[in-house]
Amino acid sequence: MTSKTSMPNKFYITTPLYYVNASPHIGHSYTTIAADCLARRMRRLIGEDRVLLLTGTDEHGQKIQRAALAQGLSPKEFADLTSIQFKELWKTLNIAYNDFIRTTEERHTKTVQRVLEILFEKKQIYSAKYEGWYCAPCETFWMQTQLQDLVCPDCLRPLERINETNWFFKLSEHHDWLMEYIRGHEDFIRPVSRHEEVLRFLELNKLEDLCISRPFERLNWGIPLPFSPDHVTYVWFDALINYISAVGSFGPQGRYESKWWPADLHLIGKDILRQHAVYWPIMLHALDLALPKVIFAHGWWLINKDKMSKSRGNVVNPLDMVDKFGVDTYRYFLLRDVPFGLDGNFSEEAIIKRFNSDLANDLGNLLYRTLTMIEKYFDASLPQGVSITVKDGYINAIEEKLKKLAAAVGGITDCNFSLVLEEIWELINMANKYIEDTKPWNLYKENKHDELKEFILVLVEVLKETADQIYPFMPQTSLSIIEQLGKDKVKKGKPLFPRII
Ligand code: MSP
């Protein structure tokens, strides 16, 4: 991405569209926070109006129809309620999204139908009889050869025997093309382990055509196929199209117009890699549309090394974490504790550990000590009229680091969140060590006024750069540091991160 190539002139980034069958949990918030972090960084680099962050909700399909029924609501009423929960959570988590698309909106359903028509005309879709095993909750057909018992290999729930006429999309026809494309574009699927995973899958399996319809009598909560009103669209085929339906439309000649497409980055979890790295590129290719530049699949948050799920009763609500630790701590923890492509273990103890060391001890302390010294030694006025003249080892090292950080403009656009934060914290800790070793109280006692001024100046510079660098991760904290540093006079507030005992 940007660190390897030149800076893009627009940046279109997406999150998955989350299912509305259950309330949002920490997993959903992870992808969205990461996307927000990237979007904020890019807005600062290339301009506010050149960045588009899209998120939204995936509202059709059996899962949602069943969940709604269980609550005695219509699917749409039910979807309205959960969709709002996502929107509210994004507000709480300070997610500056530009657009929120729901798959029940007309701009989306129209585009899905248009895509179906175009592919139908291109003979990419055909009807055939299907007989086999089906997992309703996962909305997946399974081949006999993939099964040991008559339970879903993914969710272990019983399968249903299905015998019906359906519509199929010719995935198989594009198998070799996709493999060649992925081989020729190393950056298309990231991290590299996921690129290899998809290639291996394509090397070992011949793609089968994708069943993209469900008979209306079995499932009516979906987008009707324009050429077969007895069928609705398979929810995945429907949902993937959001990435184009949100930012453009097909003209009368079937030409898709959009100033944003192709997406620069689809951010997803590793669980939905196949749909994004196999189905979606083939759908786009069949439509003669450009492919997204990068699909990045991050790892999973686990609870005690176990999958999070309703049935295990271990689902963590992000709102509880925010109540306990604050928004910025939560955002920081998720992006700092685990490298983005890997799985991580989520626990409150781990958050507290990070909080006390990185936030309270390192960052919070640096700000508090610096402001206290400015209050005490300079009557709260930021020292003026000095420049740094004596460059000892500390100052040189700090300045080197400052330069390095400022130059890493791409930085987090490579999704190396934890590494970028580590680098920023190196700077913070260099400054903390600088304070301890310089012993400014002695400079003060010895009346070394200019030295003291220069010393403070370095710390202020570090804090300003830190505020700038952490902005995409912790927007409120960044603004609060800038505010406390003030223009001429500092305005020390309460400690940013009082230790949790
Ligand atoms: N609706 C589909 C996506 C359609 S995209 C066109 C879907 N929805 S989902 O609600 O199940 O959300 C899946 C996404 O949520 C994952 O890809 C990931 O981004 C996030 N996470 C869900 N659980 C997660 C963890 N335990 N850990 C990290 N992220 C996970 O699939």
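Y19 puts a backbone N or O atom 3.0 Å from an oxygen atom of the ligand. Keep in mind that this is a predicted model, with every distance here computed from it. Two more polar contacts go with the Y19 one, and the table puts the three side by side.

| Residue | Atom on the protein side | Atom on the ligand side | Distance |
|---|---|---|---|
| Y19 | backbone N or O | oxygen | 3.0 Å |
| D58 | side-chain N or O | nitrogen | 2.7 Å |
| G269 | polar backbone atom | oxygen | 3.0 Å |

So much for the contacts; how much of the ligand gets covered by the protein? On its own the ligand would expose 670 Å², and the protein buries 94% of that. As for who does the covering, β1 (11-19), α1 (26-46), α7 (235-240) and α8 (242-245) are the elements that each hand two or more residues to the shell around the ligand. There are 24 residues around the ligand, and the ones that come nearest are L17, T31, D58, G269 and W301. D58 and G269 therefore turn up twice, once in that list of nearest residues and once among the polar contacts within 3.5 Å. Sorted by class, the shell breaks down into 13 nonpolar, nine polar and two charged residues.

Now zoom out to the domains. The assignment splits the protein into domain 1, covering 11-298, and domain 2, covering 349-485. Their C-alpha centres sit 44 Å apart. What do the two domains share at their interface? Domain 1 brings 13 residues into contact with 13 residues of domain 2, and about 1,300 Å² is buried between the two, with carbon and sulfur atoms giving 64% of that area. On the domain 1 side, three arginines stand out: R40, R41 and R44 lose the most area to domain 2, and together they make up 42% of what that side buries.

A few backbone details are worth a look if you plan to check the geometry yourself. Which peptide bonds are cis? One runs from R190 to P191, with omega near -5°; P191 is placed in the loop between β7 (189-190) and α6 (192-204). Another joins W261 and P262, where omega is about 5°. P262 belongs to the loop between β13 (256-257) and β14 (265-269). Then there is K305, a residue other than glycine with a positive phi, near 65°. You'll find K305 in the loop between β16 (301-302) and α10 (318-325).

Key
Residues numbered from 1 in each chain as written. Predicted model: local features only at pLDDT ≥ 70, side-chain atom pairs only at ≥ 80, totals over all residues. Heavy atoms only, no water. Near = heavy atom within 4 Å. Polar contact = N/O pair within 3.5 Å; in protein donor to acceptor, adjacent residues only side chain to side chain. Areas by Shrake-Rupley, 256 points an atom, 1.4 Å probe, with all protein chains shown as cover. Helix = DSSP H or I, 4+ residues; strand = E, 2+ residues; numbered from the N terminus. Nonpolar A, V, L, I, M, F, W, Y, C, P; charged D, E, K, R; others polar. Domains from an automatic or database assignment. Contact = heavy atoms within 4.5 Å. Buried area = accessible area lost by both parts, 1.4 Å probe.
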